[in-house]
Amino acid sequence: MNFTFPLPVTEKRFLAPECVLILGILIILLIFIAVMVIRGIRDGVGSATKNLNALAAGKLGIDLPDERTLGADEIGQMQRATSKLTLKLRDIMSRSNEMARDLSSAGTDLASSSDQASQASGQVTIAVDETPLINCDCE
């Protein structure tokens, strides 16, 4: 049996310059895409967080994002839900203010009616007091 071992290779193999260039461009492109995706997520979450913090502070006059600019992903859904919550709270507060005005007006009307009834009662009392009693001997 004759075993032969390959001779050691003394020449080093490098990637062709074209491959290095393509690999560099791909790495730069992937980094750019990753930065854009991260920025989109960060901006969407930041906007929703800012709006929710404003709502928690009682500020209902916040600027809502345009529906057409929101994405179809989870971040866009979260921003839509925040917008719906804001609009619903504005509606509830508007109705509450309207009901408070109506209640105040009804209270004013009731107070006015009570004053009129009190004055009428006072006039009846005066009229009764001024009316002479008539003794009737009706037999």
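I take helices (H or I, at least four residues) and strands (E, at least two) as DSSP runs, numbered from the N terminus. With that in hand, I looked just past α1 and found Gly 58 with a positive phi of about 90°.

**Ground rules**

I am working from a predicted model, where local features need pLDDT of at least 70, side-chain atom pairs count only at pLDDT 80 or more, and totals for chains, interfaces and linings use all residues. I number residues from 1 along each chain as its sequence is written, and side-chain values use heavy atoms, with hydrogens and water left out.

**Overview**

I counted 2 helices and 0 strands in the protein. I then looked up burial, where buried means under 20% relative accessible area, exposed over 50%, and partly exposed in between (1.4 Å probe, protein chains only). Of the 139 residues, 9% count as buried.

For the surface I used accessible areas from the Shrake-Rupley method with a 1.4 Å probe, and for residues only the protein chains shown count as cover. The total for the protein is about 12300 Å², and carbon and sulfur atoms hold 63% of that.

Next came contacts, meaning heavy atoms within 4.5 Å. Among contacts with a separation of 6 or more, 61% join residues 24 or more positions apart.

**Helix α1**

How far apart are the end C-alpha atoms of helix α1? They are 58 Å apart, and I checked this against the expected span, which is 1.5 Å times one less than the number of residues. For the 40 residues of α1 (residues 17–56) the expected value is 58 Å too, so the two agree.

I noted Gly 44, Ala 48, Asn 51, Ala 54 and Leu 55 as buried residues of α1.

**Leu 55 and Thr 86**

I picked Leu 55 for a closer look; its relative accessible area is 11%, so Leu 55 counts as buried. Beyond its neighbours within four places in sequence, Leu 55 contacts Leu 60, Ile 62, Thr 82, Leu 85, Thr 86 and Leu 89. From Leu 55 to Thr 82 the C-alpha distance is 9.2 Å, with their positions 27 residues apart along the chain.

Thr 86 sits in helix α2 (residues 74–130). Is Thr 86 buried or exposed? Its relative accessibility is 0%, so I logged Thr 86 as buried. Leaving out residues up to four places away in sequence, Thr 86 touches Leu 55, Leu 60, Ile 62 and Leu 64.

**Nonpolar patch**

For patches I kept residues with over 30% relative accessible area and no salt bridge, joining like charges within 9 Å and nonpolar side chains (Val, Leu, Ile, Met, Phe, Trp, Tyr) within 5 Å. I found a nonpolar surface patch with about 870 Å² of accessible area together, its members including Phe 32, Met 36 and Met 78. Helix α1 gives the most to this patch, with 9 residues.

Leu 29 of α1 is another member of the patch. Leu 29 is partly exposed, at 45% relative accessible area.

**Salt bridges**

My rule here is a side-chain nitrogen of Lys or Arg within 4 Å of a carboxyl oxygen of Asp or Glu. How many salt bridges does the rule give? It gives 2.

Arg 42 pairs with Asp 43, their closest N and O atoms being 3.6 Å apart. Arg 42 is exposed at 53% relative accessibility, while Asp 43 is partly exposed at 43%.

Asp 91 pairs with Arg 95, with 3.3 Å between the closest N and O atoms. Both lie in helix α2, 4 residues apart, about one turn of the helix. An α-helix has 3.6 residues a turn, so residues three or four places apart point the same way. I logged Asp 91 as partly exposed at 29% and Arg 95 as exposed at 53%.
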